[in-house]
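Student: Could you take me on a close look at one part of this model? I'd like to know what sits around the DNA strand, and then follow the trail into the rest of the protein.

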Amino acid sequence: MSNRVSKNASSEDWLVTDLNSEQSAAVSCTEGPVLILAGAGSGKTRVLTYRIAYLLQNGLAEASEILAMTFTNKAAGEMRERVAKLVPNRMSGMWIGTFHSLFARLMRREGERLGYSSNFTIYDESDQIALLKKVLSDMHLSVQDFPPKMVSFRISAAKNRLLLPDHLLEEAENQLDTVVANVYRNYQNRLLELNAMDFDDLLIKPIELLQRFPLVAGYYQDKFRYILVDEYQDTNHAQYILLKILAAKHRNIAVVGDDDQSIYRWRGADIRNILDFEKDYPECKKFRLEQNYRSTRKILAAAHSVVKNNRQRHPKELWTDKPEGENVVLLEVESDLTEAHHVVARLIREFKGGQRNFYDFAVLYRTNAQSRVIEEALRRENVPYIIVGGVKFYERKEVKDVLAYLRFLSNQTDAISFRRAINYPARGIGDATADKIEDFARLQKLTLVEAMKRVQEIGSIQIRTREKIESFSKLVQKYASLKSELSPAELAAALVDEVGILRYLKEEGTIEAANRMENVRELLLAIAEFSSQNGRSATLDDYLQQVALTTDLDTLTDRTNAVTLMTLHSAKGLEFSVVFIVGLEEGLFPLSRSIQDPPALEEERRLFYVGATRAKEKLYLSWSRYRRRYGENLHSMPSRFIKELDPTTTDAESTLRPFRIERRRSAYHDSVDSPMPNYEDQTQENLEYRVGMRVAHEVFGKGTIVKIDPGGEHAKLLVMFDTAGKRRLVLPYAKLEIL
DNA sequence: TCGGGCTCCGGGTGG
DNA sequence: CGGAGCCCGA
């Protein structure tokens with residue numbers, strides 16, 4: 001998309017030259033509530049960014065009076081970048097970011113009123129589960145009777161409905177409800193004691209704050225003269241209430257969304273928020289962006305022919321002045337293995353036939369488990385690929401372990417991080433001992449570090465164990481005092497070195513341990529990058545907050561010359577020239593559990609719509625008559641979505657002729673005479689390594705370089721090893737031999 | 001306290 | 001089939 005605007009152009013010029021008439025109407029209608037129904041690929045980010053630029057350019061608002069919220073860091077970053085291009089140097093003081101990061105900021109400023117100090121820790125799901133297990137055990141409840149995951153799900157649902165433990169207790173209908181309500185109360189009390197908030201708290205605690213302190217509410221209501229919200233269809237009830245409170249004074253709230261792309265219902269998103277916006281703000285102005293700038297007519301028509309079967313939606317149909325394009329290709333195959341083979345064969349054919357790079361292709365699936373056969377087929381053909389999702393970087397054990405130390409230094413009452421750190425690497429302090437320290441700290445109202453200092457006052461701890469605790473305590477105190485002198489990067493590097501984490505891993509000598517070492521190094525590198533990007537004023541607390549609110553999706557760049565494999569959910573907001581959606585079978589897509597549940601089925605249909613509209617030029621859909629799931633070869637029927645497709649937009653192709661592929665764990669493939677052209681990446685630096693080069697690693701064996709992240713001496717390599725799979729290596733440590 | 005073996009179960013997951 | 005989590009023995 002052309003995005004150029006000369007600095008001197010008046011705002012009226014942009015409205016005419018860069019926007020279509022509906023877009024420019026939506027941008028310039030600044031006063032009062034605005035609902036912008038923006039279909040897939042209709043330029044919604046453009047409208048949001050131009051709207052912000054328009055407000056600034058015309059002196060309608062100072063930067064500090066604008067609040068712009070998105071769901072993902074990636075979307076927030078993109079918005080920030082694009083506004084900066086339109087109106088350079090005007091963004092200082094603007095609140096632009098994700099819901100969670102903006103409200104975390106608000107709580108760091110104001111949370112003291114609710115009993116949190118500004119360095120509170122943000123707990124992710126696994127921290128939540130760990131804390132819940134503690135609470136359950138304190139209440140003498142067994143995890144068999146009350147699985148922490150189930151309890152956590154119910155607590156989260158209650159929080160999203162803004163129900164307090166007392167409310168839950170009142171409406172309890174059985175013993176389980178009562179127990180959940182009581183666990184909820186204790187869990188919430190513990191979070192406060194630990195100075196921690198979970199993701200839900202980042203939304204509901206601000207509500208509590210704004211409701212209990214009208215002066216604070218008044219300040220922010222006054223401050224945020226203009227509010228903009230992206231992906232409004234995915235807001236949950238808490239977010240809805242927050243927006244309602246903040247917009248109460250000026251009522252200048254512009255929301256952008258597409259009910260057809262609401263795919264987070266199971267996570268509390270309430271599609272009624274967008275469907276009922278006009279009821280909440282009867283004076284609102286409504287704009288519809290129905291011109292699509294992304295896909296061919298065939299692709300749009302096919303996608304529409306499916307989603308129009310939903311009952312819960314604003315009726316609408318996108319149009320485009322793009323060419324008609326090719327029909328959607330529907331592949332019927334025999335098995336998941338042949339599906340993978342045919343998808344990859346088609347992909348290679350498209351690659352060779354057109355002016356396309358590998359990053360123009362995506363393979364999308366409903367479940368992560370489907371990625372493996374595709375991966376193996378791509379590896380066999382030596383096609384570079386990246387997988388988005390799966391086990392996330394910051395959720396890996398070794399990464400969480402290192403972060404636990406840093407989090408504990410930052411918040412010395414954080415018992416969850418304390419538990420991880422105190423016995424990693426194993427230093428002979430067990431659960432029973434850690435419990436005693438925690439109990440003592442709670443009883444005496446001490447931080448855990450203070451409690452450890454007075455370990456001799458805690459009864460029934462053996463002298464040997466006490467010595468171990470003292471040494472751990474000294475370590476923590478040492479680094480806590482260094483916190484103000486060293487940058488987060490220096491601190492983390494010194495700590496990892498002193499604790500000996502890399503040395504322990506090296507001793508293990510396994511492939512897994514080597515991989516964990518790489519992850520620890522990459523974490524240190526990420527902290528260093530954070531320090532250099534944010535300058536010396538960036539604190540450890542700042543880093544930890546950023547990490548807590550970051551996911552893998554944010555680091556996905558389009559420069560990697562590789563095919564993207566990911567779930568349909570991860571694909572939202574992205575676009576590719578050629579898209580393959582695989583596994584279109586009843587029970588898989590739509591998933592079996594949604595088939596009996598009409599709203600869930602509609603959500604599956606929207607998911608299909610999201611996937612299909614990612615494609616710019618060509619869309620492939622495939623289904624397999626047999627699929628291996630749970631170790632069995634299950635017979636499948638084609639997805640109902642296939643039957644709903646407008647037949648004039650598709651070409652069905654059967655590939656059921658006999659075709660055998662061996663099922664192998666990992667296909668060793670020597671690429672000396674690779675059938676593929678070289679994967680030249682023009683962006684790489686002048687390093688001794690090149691993309692496509694064959695290398696050998698002492699532990700991982702032989703492999704091919706798939707990607708090089710420049711960064712001077714800290715460059716990172718992504719290597720696809722023949723047997724060990726894809727590995728990320730940090731150059732100074734990589735010790736690769738060029739073959 | 002720790003690691004190995006065994007059982008159980010199966011979905012997507014922004015921040 | 002494969003991964004996660006639990007239990008039990010060393």
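Tutor: In this predicted model, DNA strand B is surrounded by 34 residues, and the closest are E125, R267, R366, G430 and T551. Sort the residues of that surface by type and you get 15 polar, 10 charged and 9 nonpolar. What part of the strand do they meet? Looking at the atoms of DNA strand B within 4 Å of the protein, 52% belong to sugar or phosphate, and the rest to bases.

Now for some individual contacts. On the phosphate side, a polar backbone atom of G428 is 3.4 Å from a phosphate oxygen of DNA strand B. On the base side, E604 has a polar side-chain atom 3.0 Å from a base nitrogen of the strand. R593 also points a polar side-chain atom at a base nitrogen of DNA strand B, this time at 3.1 Å. As for helices, α5 and α20 (431–444) each supply at least two residues of the surface near the strand.

Let's hang on to α5, since it leads us inward. α5 covers 99–110, and it is one of the elements that the buried residues of α26 pack against. The others on that list are β4 (121–123), α18 (397–410), α23 (488–499) and α25. Which residues of α26 are the buried ones? They are L540, Y543, L544, Q545 and V547.

Pick out Y543 from that group, because its ring has its centre 5.3 Å from that of F530, with the planes at 65°, which makes the pair edge-to-face. F530 belongs to helix α25 (residues 511–534) and Y543 to helix α26 (residues 540–548), so this pair ties together parts that are 13 residues apart in sequence. Both rings belong to buried residues, F530 as well as Y543.

That pair has company: the model has 19 aromatic pairs in total. For a contrasting geometry, try F351 and F358, which are stacked, at 4.0 Å centre to centre and with 5° between the planes. F351 and F358 are both buried too. Elsewhere, W95, Y219, Y220 and F224 form one aromatic cluster.

Rings can also have a charge above them. R108 lies over the face of F120, 4.0 Å from the ring centre. R113 does something similar with F213: its charged end sits over the ring, 5.9 Å from the centre.

Two more charged residues are worth a stop. R80 lies in helix α4 (residues 73–86). Is R80 buried or exposed, or somewhere in between? Its relative accessibility is 35%, so R80 counts as partly exposed. Leaving out residues up to four places away in sequence, R80 touches M91, M94 and I96. With I96 there is a polar link as well: the backbone oxygen of I96 lies 3.3 Å from a polar atom of the R80 side chain. Go on to G97, 17 residues from R80 along the chain, and you'll find the two C-alpha atoms separated by 8.4 Å.

Finally, D177 sits in helix α9 (residues 175–193). D177 has 15% relative accessibility, so it counts as buried. Not counting neighbours within four places in sequence, D177 is in contact with R154 and A172. A polar atom of the D177 side chain also lies 2.9 Å from the backbone nitrogen of E173.

Note on methods: Residues are numbered from 1 along each chain as its sequence is written. Chains are lettered from A and ligands numbered from 1 in the order in which they are written. This is a predicted model: local features need pLDDT of at least 70, side-chain atom pairs count only at pLDDT 80 or more; totals for chains, interfaces and linings use all residues. Side-chain values use heavy atoms; hydrogens and water are left out. Rings of Phe, Tyr and Trp (its six-membered ring) pair if their centres lie within 6.5 Å; planes under 30 degrees apart count as stacked, over 60 as edge-to-face and the rest as tilted. Buried means under 20% relative accessible area, exposed over 50%, partly exposed in between (1.4 Å probe, protein chains only). Helices (H or I, at least four residues) and strands (E, at least two) are DSSP runs, numbered from the N terminus. A charge sits over a ring if NZ of Lys or CZ of Arg is within 6 Å of the ring centre and within 35 degrees of the ring normal. Contact means heavy atoms within 4.5 Å. A residue is near a molecule or strand if one of its heavy atoms lies within 4 Å of it. A polar contact is a pair of N or O atoms within 3.5 Å; within protein, one must be able to donate a hydrogen and the other to accept it, and residues adjacent in sequence count only if both atoms are side-chain atoms. Ala, Val, Leu, Ile, Met, Phe, Trp, Tyr, Cys and Pro count as nonpolar, Asp, Glu, Lys and Arg as charged, and the others, Gly among them, as polar.
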